[in-house]
Amino acid sequence: MDKHRTQEQMPRGFVRLSSATTILRVACLLMCLPLCMLPARAADIEKPVGKNCGLASPPAAAGEEMTHGVTLRVYPRAKDIDTRYSGCQALFAPEGEKWIVLSLTEVVNGDAVRVWSTYETDAEALACRFKKGKVVHGNPDTCPAPEFILVKSMAPGCARILPGAATQHTLAAPRPPGCEYD
């Protein structure tokens, strides 16, 4: 287009903007663009969806993890997660007569990619992302250690028999068969 045309010679509906107006419009657009991404960022820390992500209580096959005298349940067990599995590994804690979900580890094709918990109040911790055992988003100093985000557990029933086994043997004694962490 000839930049020397007069306003009357411009095609109908075409308005030539001064360079200052153009710069202001572009600057405004660039400032507003991050606001458009806020809902996507908030969705990034939402509860994961998929296989086992909506469990309200542990299935009978859930593994067991003992910590500070409390038996936690884990489903599915880390040993049962392979490259064909996508969904969540849920960690449950007893609360009176029911169970609560402490955390969900989102798994994609066997790879643990993030941890979510309704009890986590630090958005930075919820924003941590992992790939093939490495932190790929977030601060590696404050993100959970990648090797521990999939919880290893013992077979169901081991939490009941371990206290008795500890009194019969020394603490260094091997665990009863089937009660190894895997």
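**View 1. Strands β6 and β7 form a small hairpin pair.** Strand β6 (residues 129–131) and strand β7 (residues 134–137) run antiparallel and are joined by three bridges. Helices (H or I, at least four residues) and strands (E, at least two) are DSSP runs, numbered from the N terminus, and two strands pair if DSSP finds at least two bridges between them. One of the bridges matches Phe130 with Val135 in β7. Two residues sit between the strands of this hairpin, and Lys132 there has a positive phi near 50°.

A word on what you are looking at: this is a predicted model, in which local features need pLDDT of at least 70 and side-chain atom pairs count only at pLDDT 80 or more, while totals for chains, interfaces and linings use all residues. Residues are numbered from 1 along each chain as its sequence is written, and side-chain values use heavy atoms, with hydrogens and water left out.

**View 2. Five strands line up in an open sheet.** Follow the order β1-β2-β3-β4-β5, and you will find the pairing antiparallel. At the edges are β1 (63–67) and β5 (111–116), each of which pairs on one side only. Neighbouring strands are turned by 30° against each other on average, direction ignored; here axes are lines fitted to C-alpha atoms, for helices over the stretch in contact, and angles run from 0 to 180 degrees between N-to-C directions. Now pick out β3 (residues 87–95) and β4 (residues 98–108): nine bridges join this antiparallel pair. Ala90, for instance, has Leu104 in β4 as its bridge partner. Strands of a sheet pair through backbone hydrogen bonds.

**View 3. A salt bridge connects Asp182 and Arg77.** The rule asks for a side-chain nitrogen of Lys or Arg within 4 Å of a carboxyl oxygen of Asp or Glu, and by this rule the model has five salt bridges. In this one, the closest N and O atoms are 2.6 Å apart. The two residues come from distant parts of the chain, 105 residues apart: Asp182 is in the segment after α3 (158–168), and Arg77 is in the loop between β2 (70–75) and β3. Are the partners buried or exposed? Arg77 is buried, at 6% relative accessibility, while Asp182 is partly exposed, at 32%. Buried means under 20% relative accessible area, exposed over 50%, and partly exposed in between (1.4 Å probe, protein chains only).

**View 4. Two further salt bridges join Arg114 to Glu106 and Lys79 to Asp80.** Between Arg114 and Glu106, the closest N and O atoms are 2.4 Å apart. Arg114 is buried, with a relative accessible area of 7%, and Glu106 is buried too, with 19%. For Asp80 and Lys79, the N to O distance is 3.3 Å. Asp80 counts as partly exposed because its relative accessibility is 44%, and Lys79 is partly exposed at 48%.

**View 5. Pro76 and two asparagines show unusual backbone angles.** Most residues other than glycine have a negative phi, and most peptide bonds are trans. Where is Pro76 found? Pro76 lies in the loop between β2 and β3, and a cis peptide bond with omega about -10° joins Tyr75 to Pro76. Asn52, in the loop between α1 (19–44) and β1, has a positive phi of about 70° and is buried, at 17% relative accessibility. Asn109, in the loop between β4 and β5, also has a positive phi, near 50°.
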